[in-house]
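Student: Got a two-chain model up on screen and some time to go through it with me?
Tutor: Sure, pull it up and ask away.

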Amino acid sequence: MAKLKSSLRNMFLSLFSICLVAGMILAMVNEYTKGPIETSKKLQLENAIREVTPEFDNSPAEEAYWAKINETDSLKVYPVKKDGKNVGAAIESNSMRGFSGEIRIIVGLDEKCRLLNYVVLQHAETPGLGDKMKFWFKEDKNNRNIIGKELKKGDLKVSKDGGSVDAITAATISSRAFLEAINRAYTAYSGGVSDAGSGATAPNDGTTEATQKK
Amino acid sequence: MNNNLKILTNGIIKENPIFVLLLGMCPTLGTTSSALNGMAMGLATTFVLVCSNMTVSSVKNLIPDQVRIPAYIVLIATFVTVVQLLMEAFIPALYSSLGLFIPLIVVNCIVLGRAEAFAAKNKVFPSMFDGIGIGLGFTFALTLLGTCREFLGTGKMFSQTIYPENFGSLIFVLAPGAFIVLGFLIAIINKIRSYK
């Protein structure tokens, strides 16, 4: 078959039909993958919640609420309950102060605001340095470990800023941002519960201080 | 068949997109901070390259010359989006580490370059082999670059520790290190090629 001439009609028709076919293929693929993508996202969130909280028997994703941490900012809190009793929450928190881009984590706190566990959902920190936060703050070495700490005692800070946590070697900025995200989660949880006015056994001391922060 | 084999090796050695043609530098420098990232990016590009080469060569006569570039870009972007959606749906673990780079394949000049330079002038089968060859060459180069940077920067190879991390030098993981390692690799490859 000979090559089509570059006449206006030919050009118009060929581009039009290519776009039409491409659009149709994309619509089909999108329709086909919509379900699986949603399920996998939901599953990912559920797994993260399960990993950072104690055992629960409610569905945190359905009972989630937005907790304010200041005038303009709020975080999503997933309360977890066992036999109708509040046993803690998973809080989706973030920080924009990382080395590159947003850091999103999910933090598990029990009802006494003790840090149970965390999972890093998304980050763009330097591989080999900042991205070590995935496990660094869980390691039992020097003052790295933050698991089990009671957050109401005050903000977590890296030792360079006069705090008690060892920062990741050569990635102090990432460490700072990470701890900021943890602190924000605490603020949201302790402040958010009283804001929502739910009758749950919520941490009340330190609440006023926390809501005033920032 | 012999001819096809030649096309295949041509992309890997003689016309290696990174070390010889110096094409597609943006994903090369951006994604090779570790060997695994480089390899995954290379393989994703290979898939898109093969698909786009085959499609372009089979519809080349239906596309008038003056609109060929927009037409190719629409075709390539379609394949990239398909790859992205399928990956997000069925391999979420891989998507979470690579998802950011996938849309970059559209603007990767290797893909457009091969469509224009090879697929638009050849039949479907040679185009497929060209896509595989160039794609493997790209993957090889990215993996090599990633391995060197990971090794020099963090003391690891494919996430396996070779020497303690404290002795690694930070610069190789960051962007400047990518330029330095790439420069030395190109110098070495040119030296080897000049002996032939």
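What follows is a short back-and-forth on the sheet, the core, two helices and the contact between the chains.

Tutor: Before you start, this is a predicted model, where local features need pLDDT of at least 70 and side-chain atom pairs count only at pLDDT 80 or more, while totals for chains, interfaces and linings use all residues. Residues are numbered from 1 along each chain as its sequence is written, with chains lettered from A and ligands numbered from 1 in the order in which they are written.

Student: What is the strand order of the open sheet in chain A?
Tutor: Strands here are DSSP runs of E with at least two residues, helices are runs of H or I with at least four, and both are numbered from the N terminus. Two strands pair if DSSP finds at least two bridges between them. The sheet has five strands with antiparallel pairing, and the order is β1-β2-β3-β4-β5.

Student: Which strands are the edges of that sheet?
Tutor: An edge strand pairs on one side only. In chain A that describes β1 (65–68) and β5.

Student: How many bridges join β3(A) to β4(A)?
Tutor: Take the neighbouring pairs in turn: β1(A) and β2(A) have four bridges, with W66(A) partnered by K76(A). Next, β2(A) and β3(A) pair over seven, V77(A) being matched with I91(A). Strand β3 (residues 85–95) and β4(A) run antiparallel, and the number of bridges between them is eight.

Student: Which residue in the hairpin of β4(A) and β5(A) takes a positive phi?
Tutor: These two strands run antiparallel and share six bridges, including the one between G108(A) and N117(A). Four residues lie between the strands, and the one with a phi near 65 degrees is C113(A).

Student: Is β4(A) mostly covered or mostly open?
Tutor: Call a residue buried if 20 or more other C-beta atoms lie within 10 Å of its own, exposed if 12 or fewer, and partly exposed in between, with C-beta atoms placed from the backbone. In β4(A), residues 103–110, six of eight are buried. That makes the strand mostly covered.

Student: Which helix gives the most residues to the largest nonpolar core?
Tutor: A nonpolar core is a set of buried Ala, Val, Leu, Ile, Met, Phe, Trp, Tyr and Cys residues joined through C-beta atoms within 7 Å. This one has 87 residues, and those touching the most other members include I91(A), Y189(A) and V48(B). With 10 residues, the top contributor is helix α3 (residues 35–59) of chain B.

Student: Why is α3(B) described as largely enclosed?
Tutor: Its 25 residues reach 36 Å from first C-alpha to last, close to the 36 Å expected, where the expected span is 1.5 Å times one less than the number of residues. As for enclosure, it comes down to the count of buried residues, which is 18 of the 25.

Student: How far apart are the end C-alpha atoms of α7(B)?
Tutor: Helix α7(B) covers residues 124–154, and 23 of its 31 residues are buried. At 1.5 Å a residue the helix should span 45 Å, and the value in the model, which agrees, is 43 Å.

Student: How many nonpolar residues are on the side of chain A that touches chain B?
Tutor: Contact requires C-beta atoms, placed from the backbone, within 7 Å. The contact takes 27 residues from chain A and 27 from chain B. Counting Ala, Val, Leu, Ile, Met, Phe, Trp, Tyr, Cys and Pro as nonpolar, Asp, Glu, Lys and Arg as charged, and the others, Gly among them, as polar, chain A's side has nine polar, two charged and, for nonpolar, 16.

Definitions and conventions:
Contact = placed C-beta atoms within 7 Å.
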